[in-house]
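Reader: I have just opened this one and would like to be walked through it. Could you take me through it slowly?
Author: Gladly; ask as you go.

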Amino acid sequence: MDPSEVEFLAEKEVVKIIPNFSLDKIYLIGGDLGPFNPGLPVDVPVWLALNLKQRQKCRIVPPEWMDVEKLEEIRELERKEDTFTPVPSPYYMELTKLLLNHASDNIPKADEIRTLVKDIWDTRIAKLRLSADSFISQQEAHAKLDNLTLMEINTTRSFLLDTLNCMFKLRSNLQPGSSGGKAQDH
Amino acid sequence: MFITDIRKEFYDFVVNQRVALLVSSDIDALCACKILQALFHCDQVQYTLVPVTGWQDLGTAFLEHKEQFRYFVLINCGANVDLLETLQPEEDSIFFICDTHRPVDVVNVYNDTQVKLMIKQDDDLGVPSYDDIFRDEEEEGGDDSGNESDGGSEPSGKRRRYDEVCYAAAMVIFELAWVLTKDTKDMLWWAIIGLTDQWVHDKITHMKYVTDIATLQRHVSRHNHRNEDEDNSLSIDCMRISFEYDLRLALYQHWSLFESICNSSYTSCNFKLWSMHGQKKLQEFLADMGLPLKQVKQKFNSMDMSVKENLREVIEESSNKYGMKDIRIQTFGVHFGFKNRFLASDVVHAAAALLESTEKDESPGDNFIKALDCLSRSNLERLHGGIDLAKKKLMAIQQTVASCICTNLILSQGPFLYCYLLEGTPDVKLFSKPMALTLLCKYLLKAFVRSTRNKRCKLLPLIIAAPMDVEKRTVIVLGIPPESETSDKKNFFGRAFEKAAESTSSRTLHDHFDTSIIELKMEDRTKFLDALITLLS
């Protein structure tokens with residue numbers, strides 16, 4: 001998958017906005033939205049929130065987890081544990097990027113939040129690399145990792161699969177006279 | 001007619017329509033265009049942007065688009081000539097004009113249906129009443145000449161003209177955004193750049209500039225106040241606009257201090273840097289401030305912090321001793337990210353250099369788009385490219401001024417001073433463009449006034465001519481009013497040029513929106529000049 005595809009999926013997540021216009025309920029294929037009244041918070045998908053923000057028709061309210069203290073706790077927890085800790089949102093990385101790029105004036109302490117989220121991401125990716133490395137070197141058959149998000153899986157997906165394919169080819173070539181000597185390509 | 005409520009009488013009209021935006025080629029127009037584009041994007045208004053460089057362009061653009069569009073918005077063009085007469089539109093075409101060229105043609109003012117002028121009106125007007133004008137016409141039998149002498153205005157003069165205060169187009173459109181409460185810091189910054197463009201190119205008086213700065217300062221405080229509350233400071237990437245009482249040295253933060261002092265018209269004319277004596281005075285000046293030459297010739301950002309610390313105050317103090325009382329000027333600066341700081345005048349110079357760039361493969365349309373791009377925050381390399389071009393342009397202006405003064409190329413022709421740039425002059429291609437030539441002309445006049453001993457010559461206006469198109473053998477001719485402290489920037493050369501051209505049947509093209517700039521065939525130069533001399537004596 002392409003990272004932009006993952007970001008596209010992330011845009012379906014719901015976020016709260018405060019519009020400055022009024023509009024009756026709208027009926028979209030994905031569900032109903034609204035009604036919109038000036039000054040009253042309403043939940044909308046991120047794609048709509050960003051569009052309205054760019055047209056200066058709303059103010060975005062940062063999600064609850066996008067807070068300096070909470071993220072610091074999560075970061076500390078992540079650093080302590082060897083396994084993956086539960087994430088604040090299955091699309092935390094994409095949401096942070098989207099919201100901080102387009103609505104950083106609505107999010108207090110935006111720079112610190114960006115740094116904290118990046119720290120959490122780095123720690124988790126490091127763990128993922130370690131885990132993949134030990135998986136391959138110990139020639140395990142299967143592994144189970146909890147609490148990974150789609151974006152993190154996506155970073156390692158193609159590389160891991162290619163590596164495993166290569167290893168399979170090499171291994172099957174090592175065993176003389178089996179499988180006709182030639183590996184099958186998938 | 002004048003629009004009084006810009007929201008009801010302009011924006012609400014166009015917001016559900018398709019609009020053609022015809023934008024003139026100057027920085028103020030570009031800024032107004034950016035603000036309007038941003039508003040259109042917010043409300044998803046469909047528009048077509050057409051850059052125009054003169055009346056012919058405007059006419060062609062209108063013909064191309066008149067089938068598809070009913071509403072035309074003209075920025076910095078169209079007010080000073082009878083628009084309906086020139087374009088001959090259908091009954092249902094409506095023109096919204098936001099133009100800083102004065103005087104406004106009276107016919108445009110009194111057309112109630114098709115021509116709507118977005119011009120802010122102050123109380124001390126001077127619009128002649130409808131009856132005065134049109135009754136005069138019947139009595140005088142349609143005599144068409146509005147006189148242009150800088151004295152009084154006779155009844156026939158009233159017919160054609162209408163002068164009043166002139167707000168930058170960008171400021172007018174910014175006010176629209178404010179009324180719609182859709183104004184952002186970006187739009188405010190563009191309004192500031194529009195105003196600064198008027199000041200850099202000497203189109204408004206100092207008093208007006210200071211008044212408008214105060215107006216914009218209120219908006220700046222409002223925006224800054226909105227965001228800085230409690231501990232929630234903004235991300236470093238957010239744009240911050242600040243009021244600056246900064247030095248009048250062009251591009252000094254992106255250049256070395258020394259280069260900037262040498263190439264800014266204020267300092268160069270005060271020191272008379274084209275002479276050896278002037279160069280020595282400059283060295284004394286730097287020594288007086290205790291600035292080592294090595295520091296001063298370095299890139300500004302690499303200067304020692306200890307030197308940069310109180311630089312503005314130190315320079316101001318020393319400048320007072322050397323007769324430069326106004327080395328500091330009120331302006332605004334912007335800063336976003338860790339290393340991007342720009343003053344409004346930096347952006348004006350950069351955009352002007354891009355707009356009039358004389359590279360071979362670039363059409364005026366390309367240049368327009370590049371200049372428009374450099375105004376966005378996301379196009380910083382374009383802006384830096386523009387700054388480099390601007391440095392070359394300023395250096396070229398400085399060298400041309402120096403050589404003109406030293407070789408006495410400015411001659412008094414009686415009622416005016418005259419200077420002709422020969423074809424072989426270095427960088428003469430740069431001066432085939434109106435804004436660059438205007439800067440050169442004003443700088444040249446200031447320098448001349450400082451260097452001549454002839455008291456009478458100091459009060460004369462200056463006409464400059466430079467080769468425009470070598471194949472077509474034309475020159476561009478431009479006239480500016482005399483240098484004076486209290487000048488109100490009124491330029492009467494437009495009518496003078498027209499009359500001189502008529503009387504000698506010279507082949508001229510009065511294409512520019514600014515009537516004091518014309519194109520003339522090289523061969524007709526002498527007779528044209530002679531006619532001007534007789535006319536203005």
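Reader: How much area do domain 1 and domain 3 of chain B bury between them?
Author: This is a predicted model, and in it domain 1 of chain B and domain 3 of chain B bury about 780 Å² between them, with 62% of that area on carbon and sulfur atoms. Three residues, Trp55(B), Gln56(B) and His101(B), supply 46% of what domain 1 of chain B buries against domain 3 of chain B, which is more than any other three residues give.

Reader: And where do those domains run along the chain?
Author: Chain B is divided into domain 1 at 6-126, domain 2 at 237-396 and domain 3 at 409-536. Taken over C-alpha atoms, the centres of domain 1 and domain 3 of chain B are separated by 29 Å.

Reader: How many residues are in contact there, on each side?
Author: On the domain 1 side of chain B there are 15 residues, and they are in contact with eight residues of domain 3 of chain B.

Reader: What about salt bridges and polar contacts between these two domains?
Author: The count of salt bridges between domain 1 and domain 3 of chain B is zero, whereas three residue pairs are in polar contact, both residues of each being at pLDDT 80 or more. On the side of domain 1 of chain B that touches domain 3 of chain B, helix H3 (residues 55-65) of chain B gives the most, with three residues. The residues of that side of domain 1 divide into five nonpolar, nine polar and one charged.

Reader: Switching to the two chains, how many residues of each are in contact?
Author: For that pair, 16 residues of chain B are in contact with eleven residues of chain A. The two chains bury about 940 Å² between them, and 44% of this is on carbon and sulfur atoms.

Reader: Which residues form a salt bridge across it?
Author: The rule finds one salt bridge across the interface of chain B and chain A. Lys57(A) forms it with Asp43(B), and the closest N and O atoms of the pair are 3.3 Å apart. Between chain B and chain A there are also three residue pairs in polar contact, with both residues at pLDDT 80 or more.

Reader: Which helix gives the largest share of chain B's side?
Author: That would be helix H2 (residues 27-43) of chain B, from which three residues of the side touching chain A come. The residues on this side of chain B divide into five nonpolar, six polar and five charged.

Reader: What does UniProt list for chain A?
Author: An unreviewed UniProt entry lists "domain: DNA replication complex GINS protein PSF2 N-terminal" for residues 2-61 of chain A, and the annotation "domain: GINS subunit", also from an unreviewed entry, covers residues 65-161 of chain A. In the model, residues 2-61 of chain A are 28% helix and 33% strand, with their end C-alpha atoms 28 Å apart, while residues 65-161 of chain A are 66% helix and 0% strand, with end C-alpha atoms 33 Å apart.

Reader: Back to chain B, is the peptide bond from Arg102(B) to Pro103(B) cis or trans?
Author: The bond from Arg102(B) to Pro103(B) is cis, with omega near 0 degrees, and Pro103(B) sits in the loop between strand S4 (94-98) and helix H5 (106-110) of chain B. Most peptide bonds are trans.

Reader: And is the phi of Asn408(B) positive or negative?
Author: Phi of Asn408(B) is positive, near 50 degrees. Asn408(B) lies in the loop between helix H19 (380-406) and strand S9 (411-412) of chain B. Most residues other than glycine have a negative phi.

Note on methods:
Residues are numbered from 1 along each chain as its sequence is written. Chains are lettered from A and ligands numbered from 1 in the order in which they are written. This is a predicted model: local features need pLDDT of at least 70, side-chain atom pairs count only at pLDDT 80 or more; totals for chains, interfaces and linings use all residues. Side-chain values use heavy atoms; hydrogens and water are left out. Domain bounds come from an automatic or database domain assignment. Contact means heavy atoms within 4.5 Å. Buried area is the accessible area (1.4 Å probe) that two parts lose on being put together, summed over both. A salt bridge is a side-chain nitrogen of Lys or Arg within 4 Å of a carboxyl oxygen of Asp or Glu. A polar contact is a pair of N or O atoms within 3.5 Å; within protein, one must be able to donate a hydrogen and the other to accept it, and residues adjacent in sequence count only if both atoms are side-chain atoms. Helices (H or I, at least four residues) and strands (E, at least two) are DSSP runs, numbered from the N terminus. Ala, Val, Leu, Ile, Met, Phe, Trp, Tyr, Cys and Pro count as nonpolar, Asp, Glu, Lys and Arg as charged, and the others, Gly among them, as polar. UniProt positions are given in the numbering used here, feature names are shortened, and annotations may be inferred rather than shown by experiment.
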